[in-house]
Amino acid sequence: MAGQTALVTGATQGIGRAIALALAEAGAAVWINHLDQPQAAAALVARIAAAGGQARAVQADVGSRGQVADMFGWVLAEGDLDILVNNAGIILEKPFLETSEDDWAKLLGVDLTAVYRCCRHALAHMQSRGSGSIVNIASELGQLGREHYAAYCTAKAGVIGLTRALAREFAPAIRINGVAPGPVDTPMVSADFMSAEMIARETAIPAGRLGRPEEIAAAVLFLVSPGASFFHGQMLGANGGAWMGG
């Protein structure tokens, strides 16, 4: 991927960090998007540089229309954008009848509307140059559904639908695919965000364990590689067998 430029949202920890590292190792110059994590972003940029790669940090709240516009303004002012990975997201475990409209709006704003915004900016650029690749990170819960996760499941199901619709609209020049991870060993799968019961359920899958961020990054790396040139609108299920549907 030498000579290509990638932007990864939510890239300072967990899956996003692993994706940024994998893309940089493959030779891409990587923009590290973060929200109020300048030290973590700087440390990741330094690690990539120490390994001979190229990276720059860009702060933006993907839930903000203005900040997303500014972020793409900065990135595109520096050159082309070949790869976009929409990874940033939040999660909420709450009974549906206790989920307020503010809860709903916040989660869908970050997990779905932000994907729409980033795709819109990236696709306008990619269409003008006639090439590009986008990978949207969804979740197996967008396919399975789960009680107490109505907003999250809805947002991730929306990401899946958006991915497939855009793939049809912008093919063949631009390839748009997604990854729907199962439970992954990240800060999101912890007592800070999930109940003990739900954490236990996360490992009750055929694989019998949580996934590793690097395993999700490997799926993303494949989708943006020349080896995936015949992949359009696909949702790779790196989920340990949690979801075995189409």
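Okay, so let's start inside: T9, V62, N86, N87, A88, V110, A114, V115 and C118 line the largest cavity. Quick note on the setup: this is a predicted model, where local features need pLDDT of at least 70, side-chain atom pairs count only at pLDDT 80 or more, and totals for chains, interfaces and linings use all residues. Residues are numbered from 1 along each chain as its sequence is written, and side-chain values use heavy atoms, with hydrogens and water left out.

By cavity I mean a set of points, on a 1 Å grid over the protein atoms alone, where a 1.4 Å probe fits but cannot get out; lining residues have an atom within 4 Å of a point. The structure has one cavity of 30 Å³ or more, and the largest holds about 30 Å³ of space, volume being what probe spheres set on the points fill.

Who supplies the wall? Helix α4, residues 101-129, gives the largest share of that lining, four residues; a helix here is a DSSP run of H or I, at least four residues. By class, the lining has six nonpolar, three polar and no charged residues, with Cys, Ala and Val counted as nonpolar.

Now, the cysteines. How many disulfides are there across the whole structure? Zero, taking a disulfide as a pair of cysteine sulfur atoms within 2.5 Å. For C118, the nearest cysteine sulfur is that of C119, 7.3 Å away. C118 counts as buried because its relative accessibility is 1%, and buried means under 20% relative accessible area with a 1.4 Å probe, protein chains only. C119 is buried too, at 1% relative accessibility.

Conventions: Buried < 20%, exposed > 50% of the residue type's maximum accessible area, 1.4 Å probe, protein only. 1 Å grid on protein atoms, 1.4 Å probe; cavity = no way out; pocket = protein on both sides within 12 Å on 5 of 7 lines; lining within 4 Å. Helix = DSSP H or I, 4+ residues; strand = E, 2+ residues; numbered from the N terminus.
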